[in-house]
Each structure stands twice: as C-alpha cells, then as structure tokens.
Amino acid sequence: MGREDSHYRPDADAGRGTGRSASGGAAGRFPVPGAHLPRPPASTGPADLTPGPPPASGVFAGSGVPAGPGTSGGPGVPGGPGGPATGPTGQEPSSGPADLWAAAATRPAGGPPGPGAPEPPAPTPRRRRRVPALLAAVLVLVLAAVGIAVLRPGPVAEWLGDEPAGPGVATPTAEPAPVAVLAAADANAPMPTPEGVRAALAPLVGVPALGDRVHVSVADVATGQPLFGRGEDDGTVPASVTKLVTGVTVLAARGPAYRIPTRAVAGAAPGEVVIVGGGDPTLAVDKKGFYPGAARLDDLAAQVRAALGGTKPTKVTVDSSLYSGPVFEPGWDDDIPTGGYGGAITALMTDGARSDVTRAKKDEAAGNHWAERVSQPDLAAGRAFARLLGAPPSAVARGTAPAPAAGAATPGPGAELGKVESLPMVRLVDIMISDSDNIVAEALARQVALARDQPASFVGAGAAMDAVAAELGLPADELTLADGSGLSRSNRISPSLLTDLIALAGDGSRPELAAIFGGLPVADWSGTLADRYETAATKAGAGVIRAKTGTLTKVHAIAGLVSTSDGRLLTFAVLTDAVPPDGLTAARGALDRIGAALAGCGCR
C-alpha cells in the first residue's frame, strides 16, 4: 500500500494568514521557535496560530547569526503570531548576498551511536560544478521566516502585486522593526572535518532499521564542501522530499510573484459563459474556502454579471484543456487516488478537490490532512460557478473557450468577462512544503512545464523540472521525476542533488529560491517533525533541525538543515527505499539519530 507523509503524521501547523480576497494575498507562517519549547496547541481553525509565549532565542540560537534586520519576530511580537501583522511575505533580491536583507523587516514563517557498520570511505570531490561559496548568516535569516516583508516599494512589493503609491496617495506607514530573537554572531564557528562527521555517522547509517539502501549526503553550507557521503550520487526513491525540487524549479521558472489566473470568457452561444482553468488548485468557491486568501469563484461570478449587464447566463462550459495526459500518475500506488492524500489533477478545481470543505477545515485544525476528494474536480468547480451565476448545474459541460474574433463587439465570443488570480507563487510553495500538499505540488509542477513550453502533464512537468534543475547548475543526471509530489515510486533523486539544491537556495545570487525554507518543519516543534527528536538519543536535534520529510511504504527520507553544537550550519539528506514494510517507527528513529548526531557534535 502506498503512503505519504500525511498518512503517518500530518503537519500540525496548518494555519495561514489571509490576504486579499479574489486575487489572493500573502501572509507569513509562525516564527522559528527556540529549542525545547512547548509545541503550539491545536488550533481552532486553519488560520489560527497561537504557539504560546515568545521564545528567548531562535531555532539557530548560538549559531553565529546576528540579530537585527532580517531576523524573525516571535509570537506576540510585531510580525509574530498574536502580534501585529507586518505585511506580505517574500524575499527581497539585492545586488549581492551581503545586502540581501539590508532594508528588510521580517515576518515569521510558519544520540548515541547504534550498532556498528562498515565505515564508508571518505567522500570524493563532487563531479559537478559546486555552488558558489555561501553565506551562512544569510541562509539562517532566510530560515527564520517564510519570507521578508519589506518597507514598500521594492522588489518584494512587485512579487506580491503591490502598486506603487501615486500622486496624492498616502505613503504606507513603515512596518515595525522585528524583535531580535537570534544570538549574536560568531564568524569563527569551526567547520566539522570529514573525518569527524564520518566518525559520528558511520555507526548510524548502516543500522538494520534503515534497510540495505541507505544513501546520505552532508555538506557545509558556508563553503559548499562535502563532509560525508554514502551513495550520495545514487538515485533513490525520494517520497515527499521531491517537493523541494518542485518548489525550487517553479520559483526559478515562474518567479515568486507569479499568480495563476482563472478566467471567464463569453461562449460561442448566447448566454454561454466559459470558465477557463489556469491550474490554481487553491481556488475557492467563496470566503469559506479551504485556503485562506485564495482566489474566489463568487468574485469571478460578480465580474461576469457586471460584464454581461442584463444578460442572464444560461450555460456554463468548463475549459480544463490546459492540462493533458492522465489525471493520475501511473506510478502511484493503487490507494493513492482515493486514499485522501491524492486526487485527480485537473486545470480547474476548487479547494484542492476536497469534497467537504467544512469537514476538511475541522480535520486540518485537528492535525489531520486526510480529505475525501471529488472524482471530477473540474466539473464540480463548474457546477459551483453555475450556481453562483444563477444557471442550472445541469447546464454544465466540458468544452473549450472560443478564440476572440478581432474587432468583435464585447462581449462577443471569446471576450474576457472576468479574471481572478491565485496567491503569489511564494505563498503556494510555502503551502505545498509546510502542509506537504500533494495536489498543490502537482499543480506547481505543471506551472514549470507551462513556463518551459512543455505539455502540462505528468511527463511534461517531469521533463521541465529536470531542465530547470540543469539550468540552475544542479546534476540533472541524478534526477528522474514522474510527478511533483513524490507520490510516485518512479521518482529518483540523489541525496547530493538535494544538498546542492538546499545550498543553492541559500546563495544570495538567487534569493527567490529561499522561499522553500519558510515551510520546512522544525524538529520537536512543527509539521511532520512535531513529535520527533523527543527521546534522549535524539533531543540534540530539537529546534536546530529544519527539514522536509518523505514517507511511502518502505521509503523514508529527510532533507534539510542542521546547526551543529559549535554553530556551524550544515545541509544533509538521508534517503532509504528498502525498509521493511512494518519498519516505520524504527526507520524514523534511525533517521532522527543521524540528524541528532550532527546537531550534537562539533564533528572535528
């Protein structure tokens, strides 16, 4: 039976702030908490986040990162949950890494060795172009929040759709400076040695609980130097850590400001309205939608009524032709389409194809991401749109929008009657990673395909993501993707590609890629890591590991970042795809001991 992260441990930090209705908005997630703090209580709804008292220090306290501009606020402080909102999220590009956060104020995002094993050889130099030298301080500041809320105007204002103030328009009040939560800088934090890392990890990576295909990569963030490898260049079934690749490639291909449109145009027959799906999986029917701040059909319907004047719509045609190919990936296990974590992937849908949004929101608040999905999401959305227009649901059918005729009177066939737009891409990526949302992941993968003129299908998306990875200088020969969510067992990703990707996302040359960090779960605090790193053998990782997990039956993976006891920031990835089917608990414990070993040692 196929399983994914959410089957085992749903992300508990489900809440998201709202932005503009209709065309979406931006909002941040809660801040990175200090280690060993109590986890947030169950929320009363997806938008409710009240993690408790502000932490005394950030997740990377002692890591040598300065407080000040670019650091995140805590709960109850400006920019933190329970405190005044500081604005939309994003990351501000700059002329160089040293200036990355110069004019920014942040908004919060969201063991003992085991049995012995043969010691792997020291890692050999990577057979690829290394990413440029990294700035650990910049990366940790990125990690502290899903994005940066700048004093507008600026590049982030453009990402999030803010309009510059014109003559006679009051200049927005400067947002309050965040409260410092990170420790003072220590520019001389020592780097672990390959020998030290090997001594710490060799006894842990060969334990029976991880099976006989355990592939590992560890690298230093500041320099990009590999520190440990075991099968690091071998393609491995990645499960949900695939979403890291999806997030980076869609941010590179579309940009963080891109919003997915949903349009309505006049049909060929009198009274016919065509709704054209653009691939927004978060589209809501009304203000009660599942994803706060999402574009809404009731706003689109209002635009259509205004454009038509007194003409009453009598028919709704659903154009979901933007996507091609099968709606389910052939490599998905049989239970995925109906198991509550996957569904039919169509270019038009509402609320991630959830059939009962009210129940899904209650379940989400309780930490359960399972939700029944409709079998034909595009037609379900079309029927909801017809009701809003006053047209009978029986008058809904699939079709294609007519091309507008040159010089035709409006609203002639094909003329646009209205348009709404999704949350910006930077927010969609945050939702995908923090909630391990498979439907959103597949939609974002198709956006990569569309941006690279590939068919918006599983095959086209996989090819496009591979091409964008190569453009970014990542080793595309170590990447094979059949989907964007990681539900497919046909996917292959090497651990070293993941550590290269994570390092690249923290390189100041491509600051838009840093959006992948905002939604990463925090050990012993949030998401799929909320109830992990709690034992005596793993508690060293609590609060200082931030990573994406992946789980399918027999497949267990983790990839992210860890701060060592000396304050050095490392990136690590551990993938194993031959674990006994009943070995979930043991495998997770073994993975956690690897991360905790990195967190608890100077490894020199």
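What volume does the largest cavity have?

**Exercise 1. Describe the largest cavity.**

This is a predicted model, in which local features need pLDDT of at least 70 and side-chain atom pairs count only at pLDDT 80 or more, while totals for chains, interfaces and linings use all residues. Residues are numbered from 1 along each chain as its sequence is written, and side-chain values use heavy atoms, with hydrogens and water left out.

Step 1. On a 1 Å grid over the protein atoms alone, a cavity is a set of points where a 1.4 Å probe fits but cannot get out, a pocket is an open set with protein on both sides within 12 Å along at least five of seven lines, and lining residues have an atom within 4 Å of a point.

Step 2. The largest cavity has a volume of about 90 Å³, a volume being the space filled by probe spheres set on the grid points, which are joined across faces, edges and corners.

Step 3. Twelve residues line the largest cavity, and Arg-354, His-369, Arg-373, Ser-436 and Asp-437 are the ones nearest its centre.

Step 4. The lining of this cavity comprises three nonpolar, four polar and five charged residues, where Ala, Val, Leu, Ile, Met, Phe, Trp, Tyr, Cys and Pro count as nonpolar, Asp, Glu, Lys and Arg as charged, and the others, Gly among them, as polar.

**Exercise 2. Describe the largest pocket and its lining.**

Step 1. The largest pocket holds about 280 Å³ of space, and of its 17 lining residues, Val-285, Thr-350, Asp-351, Arg-354 and Val-357 are closest to the centre.

Step 2. Helices α7 (357-365) and α8 each supply at least two lining residues, with the largest share, five residues, coming from α8; helices here are DSSP runs (H or I, at least four residues), numbered from the N terminus.

Step 3. By class, the pocket lining has eight nonpolar, four polar and five charged residues.

**Exercise 3. Characterise the packing of α6 against α8.**

Step 1. Helix α6 (residues 297-308) packs on helix α8 (residues 377-389) at an angle of about 50°, with axes 9 Å apart; axes are lines fitted to C-alpha atoms over the stretch in contact, and angles run from 0 to 180 degrees between N-to-C directions.

Step 2. The two helices α6 and α8 are therefore oblique to each other, since angles under 35 degrees count as roughly parallel, over 145 as roughly antiparallel, 65 to 115 as roughly perpendicular and the rest as oblique.

Step 3. Leu-297, Asp-298, Leu-300, Ala-301, Val-304 and Arg-305 of α6 meet Ala-381, Ala-384, Phe-385, Leu-388 and Leu-389 of α8, contact meaning heavy atoms within 4.5 Å.

Step 4. The residues of this contact divide into nine nonpolar, no polar and two charged.
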